[in-house]
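Here is a quick tour for anyone meeting this structure for the first time. Keep the 3D view open and follow along from strand to strand.

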Amino acid sequence: MTPLPPAGRVRRVALSAVLCAGLAVTLTACGEDPDAGTNGIGKLSAEEIETKARAAADAAASVRLSGTLVSKGGTYKLNMRLKHDGGTGSLTSKENAFELLRIDDALFLKADAGFWSHADGGDEEPGKSDMDAAEKLADKYVKVPKGDPSYKQFRGFTDMDVLLDGLLGMQGELSKGDRTQVGGLRTIKVTAGEGGRGGVLDVSLEGKPFPLQFARAGGAGVLTLADWDKDFPLAEPAKGETVDYGRQIPKTSGSGG
């Protein structure tokens, strides 16, 4: 007759089985492959993962970029849909909120009366004529002339290549971090610098290795990247929704870089 195993051993075996069944983060220790069913980039080095993510982003036709940007000018909330021939979305700060729409080189800005009433950027309270003008411009699309000093700044927020290159920079030595999830998709983290102070990038382990989330270096904001390669329509606003400003378009209080 086979002798029964000691009770302590039985308890240890049972506990091990429970842990392996219940904790996904210990798949490797439990003898399972954490890269099973993924695109395989989790097996690469941190530098290779970051390169793959950059290449996937560069080759994409479109993306939705949302989140916060922290700069010397303040904190912004960004929500933009971008593709190579234009973009549309909103930018909000403590002082201002406005929408941008670009189709090729045609750039439109829509803001409330408060934005236009301080168009000169001065500290003085706007006069009646300024307030009247602001009311006419409020919630209308204003075409920004290419020669206007603010054209390049505003266009930058609608330019997919410029915005991704400017916002996804990592500073310092790269290392692989934890596997986690962003928007229901499995990801692997790539961290830069000590403790991720130079940026933390979440790269998709499913499908193409797109960047799905980025915590910018120095606490300069957290961005979510979604809807990669999902097309969306861009159309110039109707004539009844547009108005000429006739003066220099005001600048925002910071560049968001």
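## A walk along the sheet

Before anything else, remember that this is a predicted model. A good place to start is in the sheet, at Asn 79: its bridge partner in β3 is Ser 90. That pair belongs to the contact between β2 and strand β3 (residues 86-92), which pair in the antiparallel sense over 7 bridges. The two strands make a hairpin, and 2 residues sit between them.

Now step to the other side of β2. Strand β1 (residues 62-71) and strand β2 (residues 74-83) run antiparallel and are joined by 10 bridges. Pick out Val 63 and you'll find that Leu 82 is its bridge partner in β2. This is a hairpin too, with 2 residues between β1 and β2.

Keep going and you reach strand β11 (residues 222-226), which pairs with β1 in the antiparallel sense over 4 bridges. Here Arg 64 has Ala 226 of β11 as its bridge partner. From β11 the next stop is β10, and these two pair in the antiparallel sense over 3 bridges. Gln 213 has its bridge partner in β11, namely Thr 224.

Gln 213 is handy for the next step as well, as Asp 202 stands opposite Gln 213 in β10. Strand β9 (residues 200-204) and strand β10 (residues 211-215) run antiparallel, with 4 bridges joining them.

What about the turns? Two of the hairpins have a glycine with a positive phi in the turn, and here they are side by side.

| Hairpin | Residues between the strands | Glycine in the turn | Phi |
|---|---|---|---|
| β9 and β10 | 6 residues | Gly 207 | about 65 degrees |
| β10 and β11 | 6 residues | Gly 218 | about 70 degrees |

So how do these strands fit into the bigger picture? What is the order of the strands in the open sheet? It goes β7-β8-β9-β10-β11-β1-β2-β3-β4-β5-β6-β12, which makes 12 strands with mixed pairing. At the edges are β7 (174-182) and β12 (242-243), each of which pairs on one side only. If you like to look at side chains while tracing a sheet, here's a rule of thumb: in a regular strand they alternate between the two faces of the sheet.

## Two helices and a cavity

Leave the sheet for a moment and look for helix α2 (residues 46-59). The axes of α2 and helix α6 (residues 160-167) come within 10 Å, crossing at roughly 160 degrees. Because angles over 145 degrees count as roughly antiparallel, α2 is roughly antiparallel to α6. Their crossing is right-handed.

Helix α2 also turns up at the last stop, a cavity. How many cavities of 30 Å³ or more are there? The count comes to 1, and about 40 Å³ of space lies in the largest cavity.

Which residues line the largest cavity? They are Glu 50, Ala 53, Arg 54, Leu 168, Met 170, Leu 201 and Pro 211. Helix α2 gives the most to this lining, with 3 residues. By type, the lining divides into 5 nonpolar and 2 charged residues, with no polar ones.

How values were computed: Residues numbered from 1 in each chain as written. Predicted model: local features only at pLDDT ≥ 70, side-chain atom pairs only at ≥ 80, totals over all residues. Heavy atoms only, no water. Pairing = 2+ DSSP bridges. 1 Å grid on protein atoms, 1.4 Å probe; cavity = no way out; pocket = protein on both sides within 12 Å on 5 of 7 lines; lining within 4 Å. Points joined across faces, edges and corners; volume = space filled by probe spheres on them. Nonpolar A, V, L, I, M, F, W, Y, C, P; charged D, E, K, R; others polar. Axes fitted to C-alpha atoms, helices over the stretch in contact; angles between N-to-C directions. Parallel < 35°, antiparallel > 145°, perpendicular 65-115°, else oblique. Left-handed = near helix turned anticlockwise from the far one by under 90°.
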